[in-house]
Number of protein chains: 6
Amino acid sequence: MNRPSGRAPDQLRQIRITRNYTKHAEGSVLVEFGDTKVICTVSIENGVPRFLKGQGQGWLTAEYGMLPRATGERNQREASRGKQGGRTLEIQRLIGRSLRAALDMSKLGEITLYVDCDVIQADGGTRTASITGAMVALVDALRVLKKRGGLKGGDPLKQLISAVSVGIYKGEPVLDLDYLEDSAAETDLNVVMTDSGGFIEVQGTAEGEPFHPEALAAMLDLARKGMAELVELQRAALAD
Amino acid sequence: MNRPSGRAPDQLRQIRITRNYTKHAEGSVLVEFGDTKVICTVSIENGVPRFLKGQGQGWLTAEYGMLPRATGERNQREASRGKQGGRTLEIQRLIGRSLRAALDMSKLGEITLYVDCDVIQADGGTRTASITGAMVALVDALRVLKKRGGLKGGDPLKQLISAVSVGIYKGEPVLDLDYLEDSAAETDLNVVMTDSGGFIEVQGTAEGEPFHPEALAAMLDLARKGMAELVELQRAALAD
Amino acid sequence: MNRPSGRAPDQLRQIRITRNYTKHAEGSVLVEFGDTKVICTVSIENGVPRFLKGQGQGWLTAEYGMLPRATGERNQREASRGKQGGRTLEIQRLIGRSLRAALDMSKLGEITLYVDCDVIQADGGTRTASITGAMVALVDALRVLKKRGGLKGGDPLKQLISAVSVGIYKGEPVLDLDYLEDSAAETDLNVVMTDSGGFIEVQGTAEGEPFHPEALAAMLDLARKGMAELVELQRAALAD
Amino acid sequence: MNRPSGRAPDQLRQIRITRNYTKHAEGSVLVEFGDTKVICTVSIENGVPRFLKGQGQGWLTAEYGMLPRATGERNQREASRGKQGGRTLEIQRLIGRSLRAALDMSKLGEITLYVDCDVIQADGGTRTASITGAMVALVDALRVLKKRGGLKGGDPLKQLISAVSVGIYKGEPVLDLDYLEDSAAETDLNVVMTDSGGFIEVQGTAEGEPFHPEALAAMLDLARKGMAELVELQRAALAD
Amino acid sequence: MNRPSGRAPDQLRQIRITRNYTKHAEGSVLVEFGDTKVICTVSIENGVPRFLKGQGQGWLTAEYGMLPRATGERNQREASRGKQGGRTLEIQRLIGRSLRAALDMSKLGEITLYVDCDVIQADGGTRTASITGAMVALVDALRVLKKRGGLKGGDPLKQLISAVSVGIYKGEPVLDLDYLEDSAAETDLNVVMTDSGGFIEVQGTAEGEPFHPEALAAMLDLARKGMAELVELQRAALAD
Amino acid sequence: MNRPSGRAPDQLRQIRITRNYTKHAEGSVLVEFGDTKVICTVSIENGVPRFLKGQGQGWLTAEYGMLPRATGERNQREASRGKQGGRTLEIQRLIGRSLRAALDMSKLGEITLYVDCDVIQADGGTRTASITGAMVALVDALRVLKKRGGLKGGDPLKQLISAVSVGIYKGEPVLDLDYLEDSAAETDLNVVMTDSGGFIEVQGTAEGEPFHPEALAAMLDLARKGMAELVELQRAALAD
């Protein structure tokens, strides 16, 4: 089998995690999965949404966007269309759920962490790159919060979270699909995991033919392998 | 283990599929999964979305809604809020993708099938009930289309699609969660399958603790068992 | 004269009022005027709109919607269009004004009653069916409120309200127009009355030729006759 | 009985109709019912809405607005709120229906007449003043259309339309309510009539107690009297 | 050179400032620059925007609109389009900034002044006419505020503000462009000044060819001359 | 005088122009004015807006956005607020007008150039950096267009456009204000010029005290000086 990129089936693209990418946010990361590039920032604000008020716990919420020309053809700017599309809302709900699994909200105090993932160049896998990069920005923001004296209840970080896509491309399971593979894949599976190997989210879609339990198992194996590498890369970035 | 409903872990709720529920739509079904009740209609319109024009094939799109008081507490009407929420958009995208897997679009001609799933009473599992019920309404609409002489290219129906939720409740895998189970489940998995047992969608979310491959396998087994029953119920309804 | 349905000019369609139609709402009625079917729910919420705060009185507000395929041709879903149309707003304002006439707001306490009327099948007269059905759901909600100990100021129910349409069809006044009659009528009059025969709303529109006082008087007579029957049906339903 | 303005029960406010009030529109009228002042313009545009295309007939549509400080307290500008309120939509639908009754659309050709009624000062009765004033602007626009050679099918003007409000104030029927009367009236009735005395619209609302057939008859009598004067004023204005 | 209106290059159009134009607002002016006519009202409301709360100072904000047929061709009503256009927002931001320069906010107390400028007839220069007219309405509103005992901290009025457009038309600098000139001008400059001759805003745009410092200087000279006359007219109007 | 950055009054920040910053767009530039960083892309699309159809000429339109945390405090994402703010619309109108001055539209053919300026880090002067950077991306896009054989009518590029802000800071004119200066400046002036020294836009605002002709002249001199350097930097970047 030939992947368009020449990668082995279980090979990630080149991953780069650049911390402190912009200067204002409490956490700011540029994450690159090959040609997919996402700016992930985490902002700390006092207060929580209404449904949590007075419970002494914190919250994390995520938003996702794409620059209009992050893709091969220009997409209309959502701000000028006047609403976010279904795909955007679906992705930002996924990012939020995934990163909340990293935290013990009761130790945050009544603050809200805003995660913003903005794709400046897209080449497949933007949602999984967003989660993986934003996780690093989140740790940086928690460090800022601690320095400001804001974490009196102990460390809210329970575990690192990372994410990767896997799929069946030309009949074979492959790891970390780029755009060319993604648009031709028979099956597409996004996996979000903890650093100890548990699943947080598993979202698989048959693009043409249905898939079967064996294919699912093979894809999940690949995801686990990729995730182990991603967690190492996150840890290395955070150790710098 | 005790399910709140007293059901066995692998037991579906009482499923009812009532065809011709309203009189105007080409396909109209009331589907009930226990106390979850959804009106599913399929409407036939000439023409296709712009991105498909001139290709001689058809399209299917889905919309989902809930009456404001379908739930325990009243939700604000999305029409008066001025937009559909993220959950609504996520669900209607899932319904659309799932039902498109039932059809060979090239045999439809340039028509659009609008699937509307409106929840009149919610008790958990509204998205999977919607898919299962709308599948039956879709077959009815295809029959109308055929009668009108609209299917000259052959039968576009490739397979029946059905859907069910499974989860881990109090540490044990259970089939077809109702609201009480759903809100307490550790893991929630929505599965969409073909009548020959292939997966179309697998969407699993850890609500608290991460889940592991064995739990996933156990849930998928339950889903397969439930789906076999659902397909029988769909066939029986269509045979009336 | 022949009405398309074969009814006598002063004959209502078959009216059915089914209480407790869905399980969550404090009041829930399915009302049927022939083939027109509307789910009417009444929900109780604490608090009142800002303009009433601190005055010790309650409020009632209504919303109206139609499932997209309640009609012969599918209408675009208002939630996905991003706004409610003029017809919808006009009808829900009418429903709200009409039902507020049933209540002494000063005896409700600072609560808001949300009336939701959702048409699942339309065949003419949806606004008048909505008012007639929602009145019954409103009484049920007041009974719930009383059971919860919420009506210490006495019974807020002043009177029953019902509504019916009348019109001039093929030159003759007829009661309770169905869709075929409605779309061909020269004049269309919606009347809302109290159970003691007073008018709450009278809304008449000439569709083609202007109408004259004698026609108006004849239509109002028919309305009064119909209303007497409707009040009996409401009372019978509430007595079950 | 004392009306706040000292008028007799059957006395209109001072009515002024100023034609050619602004210079760009094909018809432009400032109409004053006492302190209620409305600018009514009629604009001619080629083409008709989609549902009428190719049928060789014209259309008339109306929009209504209020300057934010037309009233005693400033209202939020609808353009900045991002939507027109229910009251606005209800009124502009009424204006449109009423003025369409003045025309034989088949003689207009495929053009659209846009009627804009903008209240610059409000003191009760803005919708009826709008209809009465816009009728005059509509005749002016038809004259322009004729001069431009646009009315080859004959005169589309069937009749003049005018409108007035009547009500029960302190137990007595009164004509042409101003704001003080309107806000204290027991019943409020808007009547739209043709110049030959036929009804186009009758919209009555009980504000507190229900009203009875005799009160309705008395109000309609007053309306007819007022309308005869209004038609004279319209004719006089058009004769200048 | 011939201006279409026959005016001298440094000649203003006929300016009229009519105070108390409508009766409800605390300040209400009809301002006319030739055929450009704008209703300017100023409304006083208690409270300030959130970002100013508790600071003991006031605020002024402006909104701008045009009646749909204020112009040669009808523009779609912004309220029915559901949003204000970029031109509208740009102009109302300019009006607000300009008029805030007239006031010492710390002497207003926690109130908000709403300035509404609504163009009823447009013939070029609507934004500068709006500022010039609203300035007069603002003084009237301050007088009302003082009468109500609301200005205990001293007079908040620092200076009068006025505005005018200048431009290069057929190669020559001209003052106060009307629509015919504006649409053919090579350069268009809006100037806002204080009554002592300082600049508040200078906004120049090359429509075709770039302009040069000498042209800018010549236009600013014209603006200064026009402004001196406008301030006199404002003072005369306020002295009546 | 001390500028917070230690720069001389007539000294630009460090300017960097990185071409081909992202891979999909026909022109893509990262422009940096010190810590202000903007991604500018130019996309080519066939067709023109409706008002230009059939005239054989092209069009250029611009959109502007900021990542939510480009600034010291997070701003709500405009896509999730559902509309672009007044400041955004004002800036993107300025960018569009400025860049259209660079082109002879009649030589473009019926294509539209979409300019997207997205601020990833803000430190003052984002609109002028956007114009300066987008100008370079525009030249790149024209080169692509030419390579594709799309410029048969000759070179549409008339001149280079650049922009810079100047202001009065602590009483002295300074060039290229950063955020600290901008928020404390008495006067703020944005200038857009051609490479031969003509003005395209001059937009000056007094933040507190009015400014006078001498200050304006001094600022324009500084702007001219800065612009000469900016044009050199644009040319150097384009020569690489």
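The following exchange concerns one sheet of chain D and the relation of chain F to chain A in a predicted model.

This is a predicted model, in which local features need pLDDT of at least 70, side-chain atom pairs count only at pLDDT 80 or more, and totals for chains, interfaces and linings use all residues. Residues are numbered from 1 along each chain as its sequence is written, chains are lettered from A and ligands numbered from 1 in the order written, and side-chain values use heavy atoms, without hydrogens and water.

Me: How do you know that strand 1 and strand 2 of chain D pair?
Reply: Two strands pair if DSSP finds at least two bridges between them. Strand 1 and strand 2 (residues 27–33) of chain D have 5 bridges, in the antiparallel sense, so the definition is met. Strands are DSSP runs of E, at least two residues, and helices are runs of H or I, at least four, numbered from the N terminus.

Me: Why do strand 1 and strand 4 of chain D stand at the edges?
Reply: The open sheet of 5 strands has the order 1-2-3-5-4, with mixed pairing. Strand 1 (15–19) and strand 4 (59–66) of chain D each have a single partner strand, so one side of each lacks a neighbour in the sheet.

Me: What makes the relation of chain F to chain A that of a two-fold axis?
Reply: Copies are superposed by least squares on the C-alpha atoms of residues with pLDDT of at least 70 in both. Chain F is laid on chain A with an RMSD of 0.0 Å by a turn of 180 degrees and a shift of 0.0 Å along the axis, and therefore the relation is that of a two-fold axis. In chain F, the C-alpha nearest the axis belongs to F:Ala79, 1.9 Å from it.
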